[in-house]
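Got your viewer open? Let's take a short walk through this structure, one selection at a time.

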There are 2 protein chains.
Amino acid sequence: MSNSRLKSISNTLKESGLDALALNPSPSLLYATGLHFHLMERPVLALFAADGRIALVLPELEVAKLSNLSYELKAFPYNEEPTTWGGVFKEAVEFLGLDGKKIGVEPLAMRIVEYRFLESAALEASFPDATEAIASLRIVKDEQEIASMRKAAEIAQNALEATLPMIKIGVSEKEIASELVMQLLKHGSESPFPFQPIVSGGPNGANPHASPSERKLQEGDLLVIDWGANSNDYVSDITRTFAIGEIDDEYRKIHEIVQAANAAGRAAAKPGLPASVVDDAARKVVDDSGYGKYFNHRTGHGIGMEGHEAPYMRAGNDRILEVGMAFTVEPGIYLPNRNGVRVEDDMVITEGGAESLSTLPREIRVLG
Amino acid sequence: MSNSRLKSISNTLKESGLDALALNPSPSLLYATGLHFHLMERPVLALFAADGRIALVLPELEVAKLSNLSYELKAFPYNEEPTTWGGVFKEAVEFLGLDGKKIGVEPLAMRIVEYRFLESAALEASFPDATEAIASLRIVKDEQEIASMRKAAEIAQNALEATLPMIKIGVSEKEIASELVMQLLKHGSESPFPFQPIVSGGPNGANPHASPSERKLQEGDLLVIDWGANSNDYVSDITRTFAIGEIDDEYRKIHEIVQAANAAGRAAAKPGLPASVVDDAARKVVDDSGYGKYFNHRTGHGIGMEGHEAPYMRAGNDRILEVGMAFTVEPGIYLPNRNGVRVEDDMVITEGGAESLSTLPREIRVLG
């Protein structure tokens, strides 16, 4: 990976009063090192010292991944006998002189398995939450990162358009999801996807995180599709809601409200303002319509190498938006046991406000 | 989920001297509850008390997943304001009276985020490693589980056969992997896959865990394909090695050795013997051929809801094989910077020995 990122880590650690950062396989590790590792029963742990040195504990059979690195890294490989692993972690900690020091960790990524090996190898160390320090490294995207995210949005949009023709009454959510996954790959999404597509018709749409079911689309359903692509390890996350044939006036109305809330949230995003203004603006539209209690989640989340990351667009979040921060705007209205609506775009803060990387029509389209 | 699984958890906790089990989103949680949750920035934690009561901490917007449960579960939903979450974890712990008790955890699945909420909610509790207790629940598969695994193997095999015709000189690893993913979906694999397919040609095949690259196949390459499908939340994990056009005699020879090692490992698996016999038998074939130092990983791992789980087929593992245990046999030879071979099957222990769920021809096939 770029040595400038490693330099930033070193600087951020010093500013945060941390002596080191410990990362297990996660998007942050990929961001920092360019290395793809997976969560497995064999633990992998990278230790970044504030002085710039890096130690990596990993299984012997992964060592081939370390050829052609453009930076210095000391590998501590272990063999297939788990009882020897603790000793290898200890060697890595001793190499960097980290016992008794402050070693920042990433609580949303690190598992107890890595944590306990680290604790045992550095009995006198403390392990503060480094989430904020890591966010400060990753939260502002550079041009190349934004280009990848723009591509990820384009792939997702093309895949959806290619999927729409098969959506009609009698087709199941699972069938649509499967076709969408194939179209994502055909249109150039890399694996893994940021998340498995959500395809929710009728009452299932009232559950914001439903898994695609065997339920077949019926006349009068709303259909929520929430999907994303991966391009060069950066992701998109878009939602559109469709009408299957003729729908109730109330469903048409809640779609208009959500579409207006989405527009208000997007318009409110500007550099120098706190993240909460986006939530406030979108929520006000829904609240004023009388449907406020059916909008039961925050308005959005940051996006980049992860589908969900900082900044979070929620009430009370006073993080100041800066040029290059990227996040979703995704208000929704969910009528229990009836139907749901969500309209979601991927935004990037610009000098003058914010640009939407997703550009599909937002008004309700009638399918089937 | 089946109440019999919940009953088994309760019994296993008592036998293991644990007062409760804490599970975050993981295959074990799915196994126990039938509920699909994902790892997100919003933590989810289920607490199973030895007396059979269950508490579940989850975001409000996931509560709809709890309709139609066939068992009792007390939900502790939290809202979008993270500062309130600690209090909700505390309510759940108090509801089950778990402070000061032994709460088993799953170190390979639980993250620091859930762990720290749990620790803060139960300051006097201890958190022993419950990996072995969980393995004892999941390690022996019932008929329905084996039927799902058999189906997952069949889907994977059909998908590979449908992919083979496009494999020829000049096609890249990424193109093959993408086609294979599409064929897996077309042939009925559910998402997510147990892992992204490995497609490694020539020198890339010498790295057992390589990611598919832009490298195009060349005459004389060996091609390692390691892939799996998901059926009903159970997975397959198969590897076959192919020849691209005319290959060196040495490559043909190492394939024969690995194929013989695979056969020896499969033949050694029998109820009543330790897992290590499978590794010993396969490794002896490779060692005797003089290529032992190029077989740098254990012979296999358990398989079921996870691609890697207990039992592990490695030297020194004295876990006794029982009817219904399922695992891979996957010896390999990796010649650095040249080529690699691996042949992997999915086995289930039967009364008389072990059955291979994967049945594709194992001899080297020439493509291109």
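**Where the chains meet**

Start at the boundary between chain A and chain B, where the rule finds six salt bridges across the interface. Keep in mind as you look around that this is a predicted model.

Pick one of those bridges to zoom in on: select A:R298 and B:E41. They form a salt bridge, and their closest N and O atoms are 2.4 Å apart. For the wider polar picture, 20 residue pairs are in polar contact between chain A and chain B, both residues being at pLDDT 80 or more.

Now colour the helices of chain A. Which elements give two or more residues to the side that touches chain B? They are α4 (112–121) and α7 (173–186) of chain A. Of the elements, α7(A) gives the most, with six residues. If you colour that side of chain A by residue type, you get 21 nonpolar, eight polar and 14 charged residues.

Next, select the whole contact: 43 residues from chain A and 43 residues from chain B. Switch to a surface view, and the area buried between the two chains is about 4000 Å², with carbon and sulfur atoms giving 57% of it. On the chain A side, highlight A:E41, A:L61 and A:I112, which lose the most area to chain B, together 16% of what that side buries.

Last stop: the symmetry. A rotation of 180° with 0.0 Å of shift along its axis superposes chain A on chain B, with an RMSD of 0.0 Å. The two copies are thus related as by a two-fold rotation axis. To find that axis, select A:R111, whose C-alpha comes closest to it among the residues of chain A, at 2.0 Å. And 100% of the interface residues of chain A are also interface residues in chain B, so the copies meet through the same surface.

Definitions and conventions. Residues are numbered from 1 along each chain as its sequence is written. Chains are lettered from A and ligands numbered from 1 in the order in which they are written. This is a predicted model: local features need pLDDT of at least 70, side-chain atom pairs count only at pLDDT 80 or more; totals for chains, interfaces and linings use all residues. Side-chain values use heavy atoms; hydrogens and water are left out. Contact means heavy atoms within 4.5 Å. Buried area is the accessible area (1.4 Å probe) that two parts lose on being put together, summed over both. A salt bridge is a side-chain nitrogen of Lys or Arg within 4 Å of a carboxyl oxygen of Asp or Glu. A polar contact is a pair of N or O atoms within 3.5 Å; within protein, one must be able to donate a hydrogen and the other to accept it, and residues adjacent in sequence count only if both atoms are side-chain atoms. Helices (H or I, at least four residues) and strands (E, at least two) are DSSP runs, numbered from the N terminus. Ala, Val, Leu, Ile, Met, Phe, Trp, Tyr, Cys and Pro count as nonpolar, Asp, Glu, Lys and Arg as charged, and the others, Gly among them, as polar. Copies are superposed by least squares on the C-alpha atoms of residues with pLDDT of at least 70 in both.
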